[in-house]
Amino acid sequence: MLFSEVIGQETVKQQLLAQLRTGHIPHAQLLYGPAGCGKLPLALAYATALLCRQPVSGEACGQCSGCRMTQKLEHPDLHFVFPIIENKKVSDNFLTKWRELLRQSPYFDTKEWYSQLGVTTQQPRIYVSESEELLRKISLSSSQGGYRVLIIWHPEHMMVQAANKLLKILEEPQPGTAFLLVSDHPEMLLETILSRCMRMECKALTVAEVAAALVANYGLSQYDANVVARSSGGSYTRAVAQVTAAGEEELFLDMFKLLMRKGFSRQVRDLQAWSEQIADWGREKQRRFLQYMHHVVRESFIRNLGQPALNFTNTQEADFLTRFSPYINERNVEGFAAEIDAAMRDIGQNANAKIVFFDFALQCLTLVRK
């Protein structure tokens, strides 16, 4: 991955290139920002340049042996850490699956990675054995005589013991080692870890940046690309998912419509059947559905404010919100958000999904009529 292949993020690109040109390489950096904005591609571009044998003005040459190995994800001094599903194991045991997904595109999210792992109800984590493996790796000499680069994807999923051991590693940095932490939720990291990292915020992509990439990479017309880009919320990953979607968001919208219709008409028995249907999904899908409901509630409320430039909806959602948005107002919008957050918390803590979603449906019954 080269910096020229990363979509947008010009400010962060220039900061990273400046480090590479001057040779002032921090031992640990945190790239953070919303999902789908290109943090992992930036980390890969930085790693490629750091491992390049003949960089030009900081950028990797793309031709040397170091670049060729990195582009194949086979450089012996490039290491990855990411959430996995089995305790007492490490990321290297899942490296084949990781490389397969990464070779398709570095713009993917946890949903795609968990699908690649075959996750249904488990919550992938970074276990303490991973930190022990990191200690072993940095104790070894660089294979190619240059830097060792360790990319930690979603460090917020570290178990407490793993986070504490990582902190000790960062407190005593090894020369010639560069840690790149890539996080959607830095607020979930230990403050002591944050304090030992140079932080770089990656912003959501602009509509123009997402649209241009869709035109170039997927051959969309400018009009269609703009429609998708506007509803992407600044996430290229989400934009691509809309272009290549197998219909999950359409399903989510239909289930949301059903919930609101049954709730407004107070059909409690049907609400119970609705909750049982959702309960049959895996927990990750349930979490995505709750996140999608957050999106619909937000877009409904924004629509009522008369600020169309702030709305990010696809054509199907926009048609539904034309009729539904008046039901989301200043009297109930905070209540809806709080109930969705509570359901997400309970699902994350492995609560009984039937109880969680039936209770949520009953709360919506009250809220939608306010």
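Here are some exercises with worked solutions on a predicted model.

**Exercise 1.** Work out the strand order of the open five-stranded sheet, and find which strands stand at the edges.

*Solution.* Start with the pairs around S1. S1 and S4 pair in the parallel sense over five bridges, and leucine 31 sits opposite valine 182 in S4. On to S5: here S1 pairs over four bridges, again in the parallel sense, with glutamine 29 bridged to methionine 198 in S5. Next, take S3 (residues 148-153) and S4 (residues 177-183): they run parallel and six bridges join them. One spot to check there is valine 149, whose bridge partner in S4 is alanine 178. Put together, the order reads S2-S3-S4-S1-S5, with parallel pairing. That puts S2 (78-81) and S5 (198-201) at the edges; each has a single partner strand, so one side of each lacks a neighbour in the sheet. As for twist, expect an average of 20° from one strand to the next.

**Exercise 2.** Decide how far S1 is enclosed by the rest of the structure, and say which strands helix H2 lies across.

*Solution.* First, count buried residues, with under 20% relative accessible area as the cut-off. Four of the five residues of S1 pass, so the strand is largely enclosed by the rest of the structure. Now turn to H2 (residues 39-51): this helix lies across S1 (28-32), S2, S3 and S4. Against S3, H2 runs at about 175°.

**Exercise 3.** Describe how helices H14 and H16 pack.

*Solution.* Two packed helices are described by the angle between their axes and the distance between the axes. For H14 (residues 283-304) and H16 (residues 333-348), the angle is about 170° and the axes are 10 Å apart. Angles over 145 degrees count as roughly antiparallel, so that's what H14 is to H16. Now look at who's touching: the H14 side includes Leu290, Met293, Val297 and Phe301, while the H16 side includes Phe336, Ile340, Met344 and Ile347. Sort the contact by class and you get eleven nonpolar, four polar and three charged residues.

**Exercise 4.** Place threonine 206, then say whether this residue is buried, partly exposed or exposed.

*Solution.* Threonine 206 belongs to the loop between S5 and helix H9 (207-218). Its relative accessible area is 40%. Buried would need under 20% and exposed over 50%, so threonine 206 counts as partly exposed. For a sense of distance, pick serine 57: threonine 206 is 149 residues from it in sequence and 27 Å from it in space, C-alpha to C-alpha.

Methods: Residues numbered from 1 in each chain as written. Predicted model: local features only at pLDDT ≥ 70, side-chain atom pairs only at ≥ 80, totals over all residues. Heavy atoms only, no water. Pairing = 2+ DSSP bridges. Helix = DSSP H or I, 4+ residues; strand = E, 2+ residues; numbered from the N terminus. Axes fitted to C-alpha atoms, helices over the stretch in contact; angles between N-to-C directions. Contact = heavy atoms within 4.5 Å. Buried < 20%, exposed > 50% of the residue type's maximum accessible area, 1.4 Å probe, protein only. Parallel < 35°, antiparallel > 145°, perpendicular 65-115°, else oblique. Nonpolar A, V, L, I, M, F, W, Y, C, P; charged D, E, K, R; others polar.
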